[in-house]
Amino acid sequence: MKNLKIALLQIAPGGSLEENLEKGLASCRKAREMGADIALFPEMWSSGYRIYNRPVSEWQAEAVSADSDFIRSFGQLAGELSMAIGVTLLEKVEGDPRNTLILFDRHGNRKLTYAKVHTCDFDVERHLTPGEDFYVTTLDTACGPVEVGAMICYDREFPESARILMLKGAELILVPNACPMEINRLSQLRGRAYENMTAIATCNYPAGVPDCNGGSTVFDGVAYVPQLDGSRDTCILQAGEEEGIYLASLDLDQLRRYRSEEAMGNAYRHPKKYGLLVDTRIREPFVREDYRE
């Protein structure tokens with residue numbers, strides 16, 4: 001099986017939906033010319049994540065429907081290019097809008113709609129409607145079927161996000177992003193890939209976009225290979241700060257072989273001992289005294 005080629009569209013948005021549509025379509029075409037099987041946008045591409053230092057009603061009015069011409073254009077292009085496209089949007093729904101990823105397969109079929117579960121409710125994202133669940137879909141690619149799930153930015157901060165996707169069978173997790181990618185956030189992504197034996201592809205905005213600095217990454221999740229005595233670096237791509245399209249080559253055969261042989265993921269978990277994790281009474285930053293042994 002040939003390697004799966006993942007294009008991270010680390011590009012700066014324009015000032016309007018029309019500009020983002022034009023630039024987004026052109027970037028997808030360029031990614032396909034580079035050999036991509038999947039193209040992934042940064043977080044909330046339709047509006048360029050322009051929700052800070054603006055009246056809430058103003059940016060909420062920029063939300064677009066999942067069935068809008070903007071989104072349908074990317075679905076049509078996915079079929080035209082025979083390339084999967086993960087496009088992001090400020091999604092218009094009843095009530096407050098959602099922060100959403102829509103994944104089209106190479107035939108132009110909509111395979112996944114995921115809304116950010118962990119919205120940043122300590123800040124302006126409290127005016128978004130959070131998603132309800134994490135989903136995994138079987139994506140038909142030129143490399144054969146691949147099990148794909150999604151997280152968005154702040155979802156990364158919660159180990160449960162990637163863990164649930166792993167338990168649902170995800171081999172690859174797509175992560176649109178819009179924040180500074182520094183050592184701790186990069187370490188989180190590395191950790192999520194390692195502990196779940198799952199590839200994680202993150203696309204950020206480049207430097208120059210407010211509060212962003214590029215650094216898009218792909219971690220393949222494969223920490224050990226027979227030919228090495230110790231562990232290997234699971235990072236197979238890390239972009240710099242500059243705007244561009246960055247292509248990673250994911251060895252699916254290696255990943256699947258590794259998942260069948262190694263001891264992370266679901267191999268030796270003890271879920272019956274994790275009840276505290278789903279106790280809704282826990283809201284404080286630290287565990288209360290009545291939960292300590």
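Which residue is the bridge partner of Ala39 in strand E3? In this predicted model, the partner is Ile85. The pair belongs to a parallel ladder, in which 3 bridges join strand E2 (residues 38-40) to E3. Strands of a sheet pair through backbone hydrogen bonds, either parallel or antiparallel.

Strand E3 spans residues 84-91 and is mostly covered, with 8 of its 8 residues buried. Its side chains point in two directions. Ala84, Gly86, Thr88 and Leu90 point one way. Ile85, Val87, Leu89 and Glu91 point the other way. Both sets are buried.

E3 also pairs with strand E4 (residues 98-104). Here the strands run antiparallel and 7 bridges join them. Within this ladder, Thr88 stands opposite Leu101 of E4. E3 and E4 form a hairpin, and 6 residues lie between them. In the turn, Gly95 has a positive phi of about 90 degrees. E4 in turn is joined to E5 by 5 bridges, again in the antiparallel sense. Leu103 has Leu112 as its bridge partner in E5.

These strands belong to an open sheet of 6 strands with mixed pairing. The order is E5-E4-E3-E2-E1-E12. Strand E5 (110-115) and E12 stand at the edges. Each has a single partner strand, so one side of each is left without a neighbour in the sheet. From one strand to the next, the twist averages 20 degrees. Helix H3 (residues 69-81) packs on this sheet and touches E3, E4 and E5. The direction of H3 makes about 175 degrees with that of E3.

Edge strand E12 (residues 244-250) holds Tyr246. Beyond residues up to four places away in sequence, Tyr246 touches Ile6, Ala7, Leu8, Gln10, Leu237, Ala239 and Gly240. A polar atom of the Tyr246 side chain lies 2.9 Å from the backbone oxygen of Glu242. Tyr246 and Ser216 are 30 residues apart along the chain, yet their C-alpha atoms are separated by 8.2 Å.

Another open sheet of 6 strands has the order E6-E7-E8-E9-E10-E11. Its pairing is mixed. The edge strands are E6 (136-141) and E11 (235-238), and each pairs on one side only. Here the twist averages 20 degrees from one strand to the next. Helix H5 (residues 183-196) packs on the sheet. H5 touches strand E9 (199-203), strand E10 (217-219) and E11. The directions of H5 and E10 make an angle of about 30 degrees. Inside the sheet, strand E7 (residues 144-150) and strand E8 (residues 172-176) pair in the parallel sense over 3 bridges. Gly149 stands opposite Ile173 in E8.

Glu171 sits in the loop between helix H4 (159-167) and E8. Is this residue buried or exposed? Glu171 has a relative accessible area of 9%, so it counts as buried, the cut-off being under 20%. Leaving aside neighbours within four places in sequence, Glu171 is in contact with Pro145, Val146, Glu147, Thr198, Ala199, Leu255, Arg256 and Arg259.

Finally, the interior was searched for empty space. Rolling a probe the size of a water molecule over the atoms shows where empty space is left. The search of the whole structure finds 1 cavity of 30 Å³ or more. The largest cavity holds about 30 Å³ of space. Its lining consists of Asp37, Ser82, Met83, Ala84, Arg106, Asp140, Thr141 and Ala142. Among these lining residues is Ala84, which is one of the buried residues of E3.

Methods: Residues numbered from 1 in each chain as written. Predicted model: local features only at pLDDT ≥ 70, side-chain atom pairs only at ≥ 80, totals over all residues. Heavy atoms only, no water. Helix = DSSP H or I, 4+ residues; strand = E, 2+ residues; numbered from the N terminus. Contact = heavy atoms within 4.5 Å. Polar contact = N/O pair within 3.5 Å; in protein donor to acceptor, adjacent residues only side chain to side chain. Pairing = 2+ DSSP bridges. Axes fitted to C-alpha atoms, helices over the stretch in contact; angles between N-to-C directions. Buried < 20%, exposed > 50% of the residue type's maximum accessible area, 1.4 Å probe, protein only. 1 Å grid on protein atoms, 1.4 Å probe; cavity = no way out; pocket = protein on both sides within 12 Å on 5 of 7 lines; lining within 4 Å. Points joined across faces, edges and corners; volume = space filled by probe spheres on them.
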